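Trainee: I would like a close look at a single part of this model, with enough of the surroundings to place it. Please take it slowly and tie the details together.

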Amino acid sequence: MLLTENPNLKFYLDKKVEELIVPENYLIEEGAKERHRLYSLLLMAITKYNWNGNKKGRNGTYPLNPKNYGKFEFNDYYGHNIASIAVDAYGEIIDFEFNHNKLFNSSTEHAEARMVKRVFTLTQINDSWKTSLLTSKPKDDYSTFEDVTIYTTLESCSQCAGVMALARVKEIVYLQTDPGMYLIGNILRNLTRKIENVNGSNGSLTSPMPVSGSDINFIPFGNLNNSFIQFQETVKTNPFFIPTNPQDKTHTSPSVTSYLCTDSAFQIYNSATSEFELLDEQSLQFPDYKPKDKVGAEIQNAKTNKTVLAEIKDFYQYAIKSGKRGTPHK
């Protein structure tokens with residue numbers, strides 16, 4: 001009965017796992033890739049501004065993070081230097097969020113899940129970070145996210161992939177892989193999308209299209225992944241954290257959340273932030289590009305890449321000056 005009702009599951013049942021994790025052919029125009037890179041640089045700049053490497057607290061030393069960076073480094077640590085932003089079909093940034101597992105002592109407070117919940121909450125009060133949109137928002141309700149792209153600094157877990165599927169997020173762009181998540185975004189996409197030449201419907205639930213940094217030619221993606229591999233080797237002989245109290249445990253965790261509290265990770269984010277700050281109209285190869293709808297027509301009233309550039313610059317100032325998001329850094 002289950003196989004009859006789920007043609008996608010039946011389609012993959014006797015195939016190799018490698019076929020289930022291979023993403024579908026998802027063509028991205030060069031202008032769209034540039035657009036994705038702009039939002040990705042913004043996200044890295046916001047994350048870098050709020051950087052804090054004290055994963056195990058301030059009572060100890062971090063041999064792999066020997067320097068103190070930024071105004072928040074002397075504060076307690078409440079997250080994993082992981083953030084996300086949501087962007088609608090027009091190019092308007094809806095909002096941003098941080099991972100706050102530590103703050104809420106919970107493993108469910110991931111950036112993407114918090115982002116979806118936040119946007120659902122915002123639409124109930126018709127709120128916006130940009131006051132000019134309060135009376136003329138392109139879309140004033142997000143009961144579903146079919147036209148929304150979520151950008152996240154780290155590949156999504158099964159929880160966030162599921163939450164975004166329920167919200168019907170269009171696509172998720174991630175800036176670093178997380179080997180511990182087993183390509184769950186690809187798997188859910190393949191099990192829920194409409195597959196050509198397969199009888200039946202995939203129903204109303206379709207997981208977002210996973211888009212990696214490599215798919216959009218985003219250089220920090222490869223840098224972060226390679227650096228994380230090096231970190232996993234380094235931490236075998238060099239502790240991540242040495243507590244002040246010798247009776248407490250020295251940590252040699254090879255986890256990606258530990259890596260995101262190291263000097264190596266920070267330097268990549270810092271470099272991306274410098275690139276973000278230097279962005280101008282001359283940096284753009286496709287300044288007049290506009291996104292297209294499902295039938296290939298330019299979306300009316302959508303921002304060009306040139307106007308997206310102004311959007312991300314404005315949003316960055318908002319994020320670092322007013323966007324508190326319950327973060328302990330403010």
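Trainee: Is C157 buried or exposed, and what is its relative accessible area?

Mentor: C157 is buried, with a relative accessible area of 11%. Bear in mind throughout that this is a predicted model. The cut-off for buried is a relative accessible area under 20%, so the 11% of C157 falls within that class.

Take the sulfur of C157 next. The closest cysteine sulfur belongs to C160, at 3.9 Å. A disulfide requires the two sulfur atoms to lie within 2.5 Å, so the 3.9 Å between C157 and C160 is too far for a bond. Seen from the other side, C160 is likewise in no disulfide, and the nearest cysteine sulfur to C160 is that of C157. C160 also counts as buried, at 0% relative accessibility. For the structure as a whole, the number of disulfides is 0.

C157 also has a place in the packing. Leading up to that, the largest nonpolar core has 59 residues, and within this core L42 and I312 touch the most other members. Helix α4, residues 30–49, provides the largest share of the core, 9 residues. With residues up to four places away in sequence left out, the contacts of L42 are I85, I93, F276, I312, F315 and Y316. I312 thus appears both as a contact of L42 and beside L42 at the head of the list for touching other core members. Apart from this core lies another, of 15 residues, and C157 is among them, together with M115, V116 and V148. As background, nonpolar side chains in soluble globular proteins tend to be buried together.

The sequence around C157 also leads to an enclosed space. The model has 3 cavities of 30 Å³ or more, and the second largest encloses about 100 Å³. Its lining includes E155 and S156, and also A161 and M164. Further lining residues of this cavity are I172, Y174, G185, L188, S207, P208 and P210. Three elements each supply at least two residues to this lining: helix α7 (158–166), strand β5 (171–174) and helix α8 (184–192). Sorted by class, the lining of the second largest cavity has 7 nonpolar, 3 polar and 1 charged residues.

Open spaces come next. The largest pocket has a volume of about 1,000 Å³. Its lining takes in 34 residues, and those nearest the centre are Y26, K170, E171, K292 and K294. The elements giving two or more residues to that lining are α4 and β4 (149–152), with α4 giving the most, 4 residues. Helix α4 therefore has two roles to note under the element numbering used here: it gives the largest share of the largest nonpolar core, and it gives the most to the lining of the largest pocket. The class count for the largest pocket is 14 nonpolar, 8 polar and 12 charged residues.

The second largest pocket has a volume of about 290 Å³ and a lining of 17 residues, with R37, L41, F218, I219 and E275 nearest its centre. Here α4, α9 (219–234) and α11 (263–278) are the elements giving two or more residues. This lining divides into 9 nonpolar, 5 polar and 3 charged residues.

Helix α9 also holds N225. N225 is buried, with a relative accessible area of 13%. Neighbours within four places in sequence aside, N225 is in contact with Q176 and T177.

For contrast with the buried residues, look at K306 in helix α12, residues 305–321. K306 is partly exposed, at a relative accessible area of 38%. Not counting residues up to four places away in sequence, K306 touches E281, L284 and P287. The C-alpha atom of K306 is 9.8 Å from that of Q285, which is 21 residues away along the chain.

Finally, the chain as a whole. The protein chain has 12 helices and 7 strands, and 50% of its 330 residues count as buried. Of the contacts between residues at least 6 apart in sequence, 67% join residues at least 24 apart. To return to your question, C157 is among the buried residues, and its sulfur is not bonded to that of C160.

Notes: Residues are numbered from 1 along each chain as its sequence is written. This is a predicted model: local features need pLDDT of at least 70, side-chain atom pairs count only at pLDDT 80 or more; totals for chains, interfaces and linings use all residues. Side-chain values use heavy atoms; hydrogens and water are left out. On a 1 Å grid over the protein atoms alone, a cavity is a set of points where a 1.4 Å probe fits but cannot get out, and a pocket is an open set with protein on both sides within 12 Å along at least five of seven lines; lining residues have an atom within 4 Å of a point. Grid points are joined across faces, edges and corners, and a volume is the space filled by probe spheres set on the points. Ala, Val, Leu, Ile, Met, Phe, Trp, Tyr, Cys and Pro count as nonpolar, Asp, Glu, Lys and Arg as charged, and the others, Gly among them, as polar. A nonpolar core is a set of buried Ala, Val, Leu, Ile, Met, Phe, Trp, Tyr and Cys residues joined through side-chain atoms within 4.5 Å. Buried means under 20% relative accessible area, exposed over 50%, partly exposed in between (1.4 Å probe, protein chains only). Contact means heavy atoms within 4.5 Å.
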